[in-house]
Amino acid sequence: MKNFITFFFLIFILAFPQYAFSQFEIKGNILDSETNIPLEFATVFINNTTFGDITDREGNFTIQIPAGYHELIISFVGYQTFRYSFNTRTLAKNYTFKIFPEIFDLEETQIFENGSYFHPFDIYIEGYMAWEKVGDLMPLDYGMEKIGSKYLIQ
């Protein structure tokens, strides 16, 4: 009889692992918030775990997770990182996440007629008692050393 119970228990564990180990699955797809285009190769993972996936061509992902409270993190180059907290008790069958593009502010570069490139810097010369500002434009190939937030002409 003892062998029969052990055999039945092993069959149950092998046949139904999601129930035996309380495994759940979170499924979804990732879209661009402005164009609704699926994002291929976005990274999707559960924070502080080794559970994760990368989206396919249609932006779909599937992650096996244990029971409990989790935080899903979605990251993709050029987009803001998205975080979603959830509980496996209230897990939906499928999710759609729309993530926003990251807006980058690039520094201004001025180009003059003679083809030289200048970058807006506050340029200082180290004096005896203090730094002295001497200009605000410097050729990009000119030798400078950055000290803190200031540039020193070499």
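A residue counts as exposed when its relative accessible area is over 50%. Asn-48 is therefore exposed, with a relative accessible area of 75%. The model described here is predicted. Its features include an open sheet of 4 strands, a nonpolar core of 16 residues and a cluster of aromatic rings.

**Open sheet**

- The strand order is E3-E2-E5-E6, and the pairing is antiparallel.
- Strand E3 (52-54) and strand E6 (82-87) stand at the edges. Each has a single partner strand, so one side of each lacks a neighbour in the sheet.
- On average, neighbouring strands of this sheet are turned by 15° against each other, direction ignored.
- Strand E5 (residues 69-75) runs antiparallel to E6, and 6 bridges join the two.
- Across this pairing, Glu-71 stands opposite Ser-85 in E6.

**Polar residues in E5 and E6**

- His-70 lies in strand E5. Its relative accessibility is 13%, so His-70 counts as buried.
- A polar atom of the His-70 side chain lies 2.8 Å from the backbone oxygen of Pro-66.
- Leaving aside neighbours within four places in sequence, His-70 is in contact with Ile-46, Ile-65, Tyr-84, Ser-85, Phe-86 and Thr-88.
- Asn-87 is found in strand E6. With 12% relative accessibility, Asn-87 also falls under the 20% limit and counts as buried.
- Not counting residues up to four places away in sequence, Asn-87 touches Gly-68 and Tyr-69.

**Loops with positive phi**

- Phe-41 lies in the loop between strand E1 (23-32) and strand E2 (43-46).
- Phe-41 is not a glycine, yet its phi is positive, at about 70°.
- The relative accessibility of Phe-41 is 58%, so this aromatic residue counts as exposed.
- Asn-48 lies in the loop between E2 and E3. It too has a positive phi, of about 60°, without being a glycine.

**Nonpolar core**

- In soluble globular proteins, nonpolar side chains tend to be buried together.
- The largest nonpolar core here holds 16 residues. Ile-26, Ile-30, Phe-61, Ile-63 and Leu-72 touch the most other members.
- At least two residues of this core come from each of E1, E2, strand E4 (60-66), E5 and strand E7 (95-99).
- Beyond its neighbours within four places in sequence, Ile-30 is in contact with Ile-37, Pro-38, Leu-39, Val-44, Thr-55, Gly-59, Phe-61, Ile-74, Phe-97 and Ile-99.

**Aromatic pairs**

- The structure holds 7 aromatic pairs.
- One of them joins Phe-82 and Phe-97, with ring centres 5.4 Å apart. Their planes stand at 55°, so the pair is tilted.
- Phe-82 lies in strand E6 and Phe-97 in strand E7, so this pair ties together parts that are 15 residues apart in sequence.
- Phe-82 is partly exposed, with a relative accessible area of 26%, whereas Phe-97 counts as buried at 5% relative accessibility.
- Ring pairs link Phe-61, Phe-82, Tyr-84, Phe-86, Tyr-95 and Phe-97 into a cluster.
- Within this cluster, Phe-61 is also one of the core residues that touch the most other members. Both Phe-61 and Phe-97 are in contact with Ile-30.
- Tyr-84 and Phe-86, also in the cluster, are in contact with the buried His-70.

Definitions and conventions: Residues are numbered from 1 along each chain as its sequence is written. This is a predicted model: local features need pLDDT of at least 70, side-chain atom pairs count only at pLDDT 80 or more; totals for chains, interfaces and linings use all residues. Side-chain values use heavy atoms; hydrogens and water are left out. Two strands pair if DSSP finds at least two bridges between them. Axes are lines fitted to C-alpha atoms, for helices over the stretch in contact, and angles run from 0 to 180 degrees between N-to-C directions. Buried means under 20% relative accessible area, exposed over 50%, partly exposed in between (1.4 Å probe, protein chains only). A polar contact is a pair of N or O atoms within 3.5 Å; within protein, one must be able to donate a hydrogen and the other to accept it, and residues adjacent in sequence count only if both atoms are side-chain atoms. Contact means heavy atoms within 4.5 Å. A nonpolar core is a set of buried Ala, Val, Leu, Ile, Met, Phe, Trp, Tyr and Cys residues joined through side-chain atoms within 4.5 Å. Rings of Phe, Tyr and Trp (its six-membered ring) pair if their centres lie within 6.5 Å; planes under 30 degrees apart count as stacked, over 60 as edge-to-face and the rest as tilted.
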